[in-house]
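Me: I would like to learn how to read strands, sheets and chain contacts in a model like this one. Could you take me through a few features in turn?

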Amino acid sequence: MLLKRLSEACGGPGQEDEVRNLIRDEVTPLVDEISTDALGNLITLRRGNQEGPRVMIAAHMDEVALMIMAIESSGLLKFNPIGGIDPRVLVAKTVVIGKNRVPGVIGSKPIHLQRPEEREKAISINEMFIDIGVSIKSEAEKLVKIGDLAYFSTKFAEIGNDKFKGKAFDDRVGCSLLIDLLHDRYDFPLYGVFTVQEEVGLRGAGVAAHRIQPDIALVLEGTTASDVPETPEHKHATSVGKGPCITIMDSSVIPDPRLVATLLQIASENEIPVQIRRNTAGGTDAGKIQSSRSGVRVATISIPCRYIHSPVAVMSKADYDNALKLVKAFLHCVEKGEI
Amino acid sequence: MDIKKILINLSEASGVSGYEHNVADYLEQNCPWADEIRRDKLGNLIMLKKATRNTGAVNPKVMLAAHMDEIGLIVTKIEKEGFLRFSTIGGIDQRVLLAQEVVVHGKQNLLGVIGAEPPHSQTADAQSRAVKMEDLYIDIGFDNAEQVQELVSVGDLVTINQSVVQLQGSMLAGKAMDDRACVAIMLECFKELQNLTHAVDVYAVATVQEEVGVRGATTSTYGITPDIGIAIDVGHGDMPGVPEYQTIKIGNGPGIALGPHVHPKIYERFVSTAKEWNISYSLEPATRPGGTDAFAIQITQDGIPTALLSLPLRYMHTPVETLDYQDIQKTARLLAKFISEIDQEFVEGLMCF
Amino acid sequence: MKNLIKELVESFGPTGFESEVTNKIADLVRDKVDECYVDTLGNLIAHKKGNGKKIMFSAHADEIGVVVIHIDENGFLRFSSVGGLNPLTMLGNRVRFANGTIGVIGKEKGELKDLSIEKMYIDIGATSKDEAQKLVSVGDFGIFHREFADLGKRIVAKSMDDRIGCAVLIEAINKLEKSDHDLYFVFSTQEEVGLRGARTAAYHIDPDLGIAIDVTLTGDTPKAPRMDVSLGKGAAIKVKDSAIITHPKVKDLLVRLATQHNIPYQLEILESGGTDAGAIHLTKAGVPSGTISVPCRYVHSPSEMVDMDDVQNCVDLVVAVCQDPLSEF
């Protein structure tokens, strides 16, 4: 299953190779042109009969990860998060490092050896280390290098009522949607762009947009859902199972209001459940695309995922299917000249 | 040409972010290896050394960037007693300013001292707390605002008054080594290139306004649109109290950066070149692309393959930034060898992932 | 000019939804310029053609506001801020939505020092979620609701930031008889969330010189944070803020013009905050830029206060720029 393969693939900011190769294999038979740029963005084009409007759809390939910063004389590895990770989710988790997926664990002091007050304080990154099971530096250096990335070793699975659990739904879910979309040809040039380094500052999207010069852009994301006990309703941001989310404002962008209105209208006409993303925090590639050159009309559609930026997230299959329906309906409207 | 002497003069020159022209003027007079030198609209100084091998109508372009601006202060108010209040340009730990000598660049250069309330009149408790920026002021020795206003205006710039100190061996300390020491690296690199051939045009840019948001790099890169961009900036040298893995060793040559801001093939090429020519180096991993001109260079236009070399420097952003001149020479040598060995084929391969 | 200002400040134009404001401005300036159009991000560009230097003036049409993110079962609205808002300034104030719905901002129990937007809500007087949903929707943007007040020499209103800048440009267009230069008067969008409109407008225009007109703070109120700018002391010529160090040539130009034309001025350093010039100067290969600031008390509150003499001084300085040969650029 595509989403499973994407979720289990490993690729952090600046080291998206495995993900890029997987996607490249999937989409090469579907598109007319495919290339990479100076930062590693994977840019594809599916032509139509018309020259315009130029539509760009973006999803980012990178996931948050941990970078190996140093190898101690004991063989233990020091690390820093690359992309935003709450240190508290790291305690006692298992990881895989680098291309060869060297297994490791993020050690944690046993409860027996802790004083009660210790357990009230969050453990900071500086106190953490990855143990790959060697006892001296030279043994570690045979297996890992400084700069290698460590990824959560989470396996993808279907759980509960039509839900998925896995890592990196932000934004493999967007990549999967984009690949699904590239199976269809539209009557306008469609640029499917798998961007890099979104998690360290939306780095890839802006240069891709600069090159492509789209008229309209859609960003497909995995976004935070906090519809869990103890969180008051107004802080949920989004709810799993209630449909794909449309952004009205986030920290990087105020999407084009007419595109937003059109998406809501299309959802209503086609009876696709949607929700407004009820949170203005967090940025996406849309921000950099909107401000490229003389400006681009952008909108963001995201899938609600609980516990994003942690080892395991939860999302709904129905939300995925509805997101796909929504974007396809939108692209058909673009074809008919209604946008 | 003694580039170490040039560095000493660069360190002692005044060029706070946004007002780098004195430094640019001096550099322009002291770079005989460049074929062309020009300034762009924001004041970036662009020194071009053209390819000397396989020269076609159009050669690949390599841009080097080292910033010539320094952190400093700006006068915000003239108090009625003639003291000057100030704000900072760039990141300054206010604790290094107490009892520091400065130069106020008004209608003429005036010597000044940064003072604050003396310890005698403070409680023991207050003495253990760091002084606050807003409580500091500059004393230029006048008695009232009227006297001062003839010579100083709000908006005038202030630099640290510090001459270069030559420590033991090849160690130097001074202000503005961040990043004029790396401007010196660019000059040493040009000098080395005289003894090598290179198939690429080299644009050595002394950038402006790095300290306030890598602004000069943003516009100079746009104007040049290079095929490769290499930022050269200072990196934290080893010192007590800072974990080893957060620093690079002084005297061990350049730090070669790796991380999202660095193109993997350029990183690998720097490492292999260093090994090939026995140039010692440290690795400098980073999880964020920011903090140097590389941050701006990489995302200009359609994207630029970028790399970063770091000069180990202790006590960054203080008046006594300390380095080993041999590191400057090693970094310049690594750069020169890299530049002389790359070609069109290498450049084209950078777009393939 | 007060009527012009009143009309502009009482308009509805939160960041992202500036069309009511830009439409009004277009009606006012259309006949005085050669072309008038709106670009992809909604910037209004009024272009007065000429052969000389290409100058981009920019005043932003957007104002800070709120966006509804949730409607609870009792009809109370939860919201996020749009642009920089201080929770303490919002408490007890009124907001207005595009359809005229008015609401009051209230807060949950708790200490004022711990107050944040998440503990606040808007009360539009609805008694249930259904009733509320007839008037507002999640995703609606709102602004402060406050009328203009004429205090004589000084005037007070919400959104002086930056409708006063817009008024300065409109007035300058009116006063300007002839200019040799190619003038772009941009009424920009989305300044309050990151200078976004000016960034793309500047890319498109690619000017030789950029000048923003925006408000700046003052240091002339009781125990004010230190700042050497005061109401009534003249047009403020910006030296530095968080987004720009004004190009020395531009600073010197503005000082020279103010001196030559006897326009009272003051030099301004703003510790925290930026203007459209911050985006303009980093366009493409760089644009020498600066800002002419209108000194303003209580910025980002519903009652921003400016001095009419300062406003007039800013107008005169803008006109002086247009009419100078600008040979140094």
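Reply: Let us begin with a strand, keeping in mind that this is a predicted model. A residue counts as buried if 20 or more other C-beta atoms lie within 10 Å of its own, and by that test strand β15 of chain C, residues 265–269, is mostly covered, with 5 of its 5 residues buried.

Me: Which residues of β15(C) lie on one side and which on the other?

Reply: C:Y265, C:L267 and C:I269 are on one side, C:Q266 and C:E268 are on the other, and both faces are covered. Strand β14 of chain C (residues 235–240) pairs with β15(C) in the parallel sense over 5 bridges, and C:A235 stands opposite C:Y265. Between β14(C) and β15(C) the chain passes through helix α7 of chain C (residues 248–260), in a β-α-β crossover that is right-handed.

Me: In what order do the strands of the open sheet in chain B run?

Reply: The 8 strands follow the order β1-β2-β12-β3-β13-β16-β14-β15, with mixed pairing, and the edge strands are β1 (36–39) and β15 (282–285) of chain B, each pairing on one side only. At the β1 edge, β1(B) and β2(B) (residues 45–49) pair in the antiparallel sense over 4 bridges, where B:E36 has B:L48 as its bridge partner.

Me: How many residues do chain A and chain B each bring to their contact?

Reply: Chain A gives 25 residues and chain B gives 20. On the side of chain A that touches chain B, the largest share, 5 residues, comes from α5(A), and by class that side has 11 nonpolar, 9 polar and 5 charged residues.

Key:
Residues are numbered from 1 along each chain as its sequence is written. Chains are lettered from A and ligands numbered from 1 in the order in which they are written. This is a predicted model: local features need pLDDT of at least 70, side-chain atom pairs count only at pLDDT 80 or more; totals for chains, interfaces and linings use all residues. A residue is buried if 20 or more other C-beta atoms lie within 10 Å of its own, exposed if 12 or fewer, and partly exposed in between; C-beta atoms are placed from the backbone. Helices (H or I, at least four residues) and strands (E, at least two) are DSSP runs, numbered from the N terminus. Two strands pair if DSSP finds at least two bridges between them. A crossover is right-handed if, with the strands pointing away from the viewer, the path from the first strand over the helix to the second runs clockwise. Two residues are in contact if their C-beta atoms, placed from the backbone, lie within 7 Å. Ala, Val, Leu, Ile, Met, Phe, Trp, Tyr, Cys and Pro count as nonpolar, Asp, Glu, Lys and Arg as charged, and the others, Gly among them, as polar.
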